[in-house]
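Open the model in your viewer and keep the selection tool handy. We will go from one stop to the next, picking residues as we go.

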Amino acid sequence: MPTQLITVQQFRDVPEALLAKGKLESAGIACVLADGNLVRMDWLLSNAIGGIRLQVHEQDEQSARTLLNEPIPPEFLEEEVGEPFAQPRCPRCYSLDIGFEKFDRFWTYGLWLLLSFPVPIRKNSWKCYTCNVEWVEE
């Protein structure tokens, strides 16, 4: 008797969905990305259809949710070097939910609308997605 597929998480972007799928598959949990090809064909439809849905079998739902809700590890141990790699943190709130932003999206998209062609404006700074602080690392 076939089991029903349960949506455990939804994603707007394909790379995020593929990372989560890879995490579950590496733990031995079979999963599928529903509507992944549709979003790849026309990414503007992602919000309209509810994003890419990561689905697992009913019996794997709880273990999949547990794996996907794990916090970001603060450091990694490199086996070749033997030194731990500490994740960069926000200087204000010490959150690990940060990202490096290469371009200033506001000015790049604004100039694109004005000039009808993109002019990338470099930013090269870090941004915390928890408290919205931006900083440049020395």
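What covers the buried residues of α4? Keep in mind that this is a predicted model, then select α4 and look around: the cover includes β1, α1 and β3. The buried residues of α4 include Ala 64, Leu 67 and Leu 68. Look down the axis of α4 and you will see its buried residues fall within an arc of 95 degrees, so they line one face of the helix.

Next, widen the selection to the largest nonpolar core, which has 15 residues. Among the members that touch the most others are Val 8, Leu 24, Ile 29 and Leu 54. At least two residues each come from β1 (5-11), α1 (14-26), β3 (52-57) and α4 (61-68), and α1 gives the largest share, with 4.

Now click on Leu 24. Beyond its neighbours within four places in sequence, Leu 24 is in contact with residues including Ile 29, Cys 31, Val 56 and Leu 67. A second, separate core is worth a visit too: its 6 residues include Ile 98, Trp 126, Cys 128 and Trp 135.

Last stop: the aromatic rings. The whole structure holds 2 aromatic pairs. Select Phe 100 and Trp 126 for an edge-to-face pair, 5.4 Å centre to centre with 70 degrees between the planes. Phe 100 sits in strand β6 and Trp 126 in strand β7, 26 residues apart.

Then select Tyr 109 and Trp 112, whose ring planes are at 35 degrees, so this pair is tilted. Both lie in helix α5, 3 residues apart, or about one helical turn. Tyr 109 is partly exposed at 47% relative accessibility, and Trp 112 is partly exposed at 43%.

Notes. Residues numbered from 1 in each chain as written. Predicted model: local features only at pLDDT ≥ 70, side-chain atom pairs only at ≥ 80, totals over all residues. Heavy atoms only, no water. Core = buried A, V, L, I, M, F, W, Y, C linked by side-chain atoms within 4.5 Å. Buried < 20%, exposed > 50% of the residue type's maximum accessible area, 1.4 Å probe, protein only. Contact = heavy atoms within 4.5 Å. Arc of directions from axis to C-beta. Phe/Tyr/Trp six-rings, centres within 6.5 Å; stacked < 30°, edge-to-face > 60°.
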